Amino acid sequence: MKLGTNLSLYGDVRDRNESAWLLPSSPGFPHRLRDEMTRYDERDEVDIVIVGCGAGGGTLAQRLARAGWSVVALDAGPFWDPETDWVSDERGSHSLYWTDPRVISGADPVPLGSNNSGRGVGGSMVHYAGYTPRFHPSDFATFTGDGVGADWPISYTDLRPYYEQLEQELPVAGQDWPWGDPHSYPFHAQPISGNGDVFIAGCEKLGIPARVGPVAIANGRFGNRPRCIYRGFCLQGCKVNAKASPLITHIPDALAHGAEIRAHCHVSKVLVDDHTGRATGVTYFKDGIEHRQRARMVAVAGYSIETPRLLLLSASNRFKDGLCNDDGQVGRYVMVQGAPQTAGRFEAEVRMYKGPPPEVSCEQFYETDPAKPYKRGFSIQTVSPLPITYAEHVVAQGHWGESLREYMRDYVHWASLGALCELLPLHSNAVTLSDEVDRHGLPVANFHYSMGENDKQLMAAAQTKMEEILRAAGATETMTIRRFAHLVGGCRMARSPKDGVVNAEQRTFAVPNLYITDGSVLPTQGSANPALTIMSLAARVADHLTAHQHTGPAAAAEARHG
Amino acid sequence: MNPSVVFIADRNRGRTPGSSPPRFPGFDVLNEVDRWDAVTAGVVLARLTPSPELSFFTGVEQATAEALCDQLLAQHEEPRIPVAALIDVRLATGETDGWHYADMPEDAQAWRQTLAFLDNDAKRQGGTSLSQLGQQQQAALVQAVQELDAQSWHGLPATHVWSLWTRYACTAFYSHPWAWNEIGFPGPAYPRGYKNMGLDAREKFEVADAANTDPVPWTRRAEAAKRRQAAAVTGESS
């Protein structure tokens, strides 16, 4: 059943999440909804305060507001209006990224900022490409199945209903999916551009299956969201409102159900009462002044760098080494995917800047191949770097000066593929506090990262495969940049506090009313872009919380007011 | 359209940096400026008129930064994209990439230090500063930093210094409409978008590549020659 051809399914989504219908029919954000937003007093003890309005925080806020909870969600960055705040320009999109200072170290330091870190309502999904694959069932038990990584305390089937819900709400377009748990998508796949044509042609030559999608851009209108105009600036924030991010997929519905989204609020500490052991709210900086928001429950959704940093900054007499860190698990097992990108030169003009960078994927090499010396695998997707990013690819080959200019003049002839390699979780890959401080005087994060041997083999194998595909499609030259993408882990979910920070319901082991609802809870990362999984996990937490609402915070609030 | 926009656009008609014959003859991204949204147009056109009064670099640093950026981007003749001025704006406002290597100072400090180091190297070559050396000597000095790779250059890992310089320089250069004219990239695309997808498919406003030269064989030869030249220059002075 496809949305757009099936109105009853369309209506079902609208009954659950009206965001796409609350947006204006012209571009931008519904300002009236924002102006008339519920505003809580800091002295109010709200049902929940959520730290961060990205994939995890935005989804949780919408679900809980709909269930009648009083919700305040704080974000360090702005409350965006896509029409007036974002530009159709690579360099001008700098404000979308988390650019507060951070230190990177280790044998393979991972650049942050534009690569993987968002700031503002919508989070990193404002500037992600738009790929929204599901994880495979095998991802949830790599230790049992492959002898590497870690087993999750939940299985794929626990998450499947939420994958289905979110795929409808974003919504996701793509061909029928043959890999992992085979499934179909609510929207048919989009038409593709020259870059996608090259990938499909190369795969066909080699007998490798490839599929269009899964991309969180509706193929056609969706509610008041217009269709994609093939502008090619997905990574710079979608001015069109065609590509999904929580800013347009979940925040409008959250506002309509009474949530308060408080922007430009940098949370400095999660407050815990050392006597009761319970969280009581948060402190945050706004315009240089420290405020406090009281809450009956706290959910941290600041992603893999800022969430561990916040817990470490929230040390108290009871939690001397950082909140929830009695077992030294906070900030550990942070992962990035190995994301080499290979470009190939074609006689024809490819002009890869046209059309959305996310178009075609291949998950044929996702799982462990017993014939290979390494465990687990990689996926391959189209990517389409714009000129500044493409110049980085050229510089990575050692070119500068006239050589760099000459390569760049040839930009229109190159197609690009990117791999996502499942790099394994290591205890030593960690976020700690640096000696440096930010503008509020708070120590910044130091992210230490080094690859293991399996990781290096995967990166090399993925590069070889991309070169083969591009050559098969007719490329006469190839070049590869070794890089990383995405962030997950740092406060992983586990069966016991010895192995992680949160349990299967994403409640911290240490503090009974403190939850973590972002990518930092993932024990492994598969070779899939993490956004859909982070949202689905947050929706699952919300179901868990609201299932108990008659005895939970909302009911308590009702009793108090009633 | 706003008259000042017309004025800026007219003064920049069809320009590419330097004087090489263009690969995309007649291509001018600014022809489409009235089809860009106002916010984007404002941001992009501002790059065409950066203030010549720099505020982060000192005069000495500015001269060295300009010489370095001219080398990194082979801007050896007018018209030049004002790369150092565009970098100055970022450093003055503290607009970093949101991270720095643990073995490097934060970006603004790292720029000041490394520009001073370049001048030190130039003094060893018999000059007073990088900008006072001849083109070939400048190129040899820059090349020497790149070739150190992971080794230390004045106490900093050369590869991280190289990353700092090239990130800032390429971001400035390839954000400029003249550079887009040179590479056939039409720049902003909202609310216009694209309609003609596929290999060799073009919009009316896109111009076909007139040369279609594979850069790989040429750069291989040019870079080998550059290395020989650098070795000769360094050999002479030592």
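Here are a few worked exercises on a predicted two-chain model, chain A with chain B.

Residues count from 1 along each chain as its sequence is written, and chains are lettered from A, with ligands numbered from 1, in the order in which they are written. Since this is a predicted model, local features need pLDDT of at least 70 and side-chain atom pairs count only at pLDDT 80 or more, while totals for chains, interfaces and linings use all residues; side-chain values use heavy atoms, with hydrogens and water left out.

**Exercise 1. Size up the contact between chain A and chain B.**

Step 1: count residues. Chain A puts in 67 residues and chain B puts in 72 residues, where contact means heavy atoms within 4.5 Å.

Step 2: get the area. The size of an interface is often given as the accessible area lost when the parts come together. Here chain A and chain B bury about 5800 Å², with 58% of it on carbon and sulfur atoms. Buried area is the accessible area (1.4 Å probe) that two parts lose on being put together, summed over both.

Step 3: tally the polar part. Between chain A and chain B you get 9 salt bridges, a salt bridge being a side-chain nitrogen of Lys or Arg within 4 Å of a carboxyl oxygen of Asp or Glu. One of these joins B:Asp37 to A:Lys239, with the closest N and O atoms 3.5 Å apart. There are also 39 residue pairs in polar contact across the interface, both residues at pLDDT 80 or more. A polar contact is a pair of N or O atoms within 3.5 Å; within protein, one must be able to donate a hydrogen and the other to accept it, and residues adjacent in sequence count only if both atoms are side-chain atoms.

**Exercise 2. Work out which elements of chain A touch chain B.**

Step 1: list the elements. Those supplying at least two residues each are H5 (82-85), S3 (103-105), H8 (194-206), H12 (387-396) and H13 (402-409) of chain A. Helices (H or I, at least four residues) and strands (E, at least two) are DSSP runs, numbered from the N terminus.

Step 2: pick the main contributor. H13(A) gives the largest share of this side, 8 residues.

Step 3: sort by class. The side of chain A that touches chain B has 30 nonpolar, 17 polar and 20 charged residues. Nonpolar covers Ala, Val, Leu, Ile, Met, Phe, Trp, Tyr, Cys and Pro, charged covers Asp, Glu, Lys and Arg, and the others, Gly among them, are polar.

Step 4: check for strand pairing. S3(A) pairs with S1 (residues 100-101) of chain B in the parallel sense over 2 bridges; two strands pair if DSSP finds at least two bridges between them. In this pairing A:Val103 stands opposite B:His100.

**Exercise 3. Follow salt bridges between distant parts of chain A.**

Step 1: note the total. Over all chains the structure holds 48 salt bridges.

Step 2: take A:Glu169 and A:Arg63, whose side chains meet at 2.8 Å, N to O. A:Glu169 lies in H7 (residues 156-169) and A:Arg63 in H4 (residues 55-66) of chain A, so the pair ties together parts 106 residues apart in sequence. A:Glu169 and A:Arg63 are buried; buried means under 20% relative accessible area, exposed over 50%, and partly exposed in between (1.4 Å probe, protein chains only).

Step 3: take A:Asp146 and A:Arg376, with closest N and O atoms 3.4 Å apart. A:Asp146 sits in H6 (residues 142-146) of chain A and A:Arg376 in the loop between S12 (360-362) and S13 (378-382), so this pair ties together parts 230 residues apart in sequence. A:Asp146 is buried at 14% relative accessible area, and A:Arg376 is buried at 1%.

Step 4: try A:Lys498 and A:Asp327, at 2.9 Å. They are 171 residues apart. A:Lys498 is exposed at 58%, whereas A:Asp327 is partly exposed at 32%.

**Exercise 4. Place A:His393 in its surroundings.**

Step 1: locate the residue. A:His393 is in helix H12 of chain A, and is buried at 2% relative accessibility.

Step 2: find the partners. Leaving aside neighbours within four places in sequence, A:His393 is in contact with A:Gln341, A:Pro385, A:Met479 and A:Ile481. With A:Gln341 there is a side-chain to side-chain polar contact at 3.2 Å.
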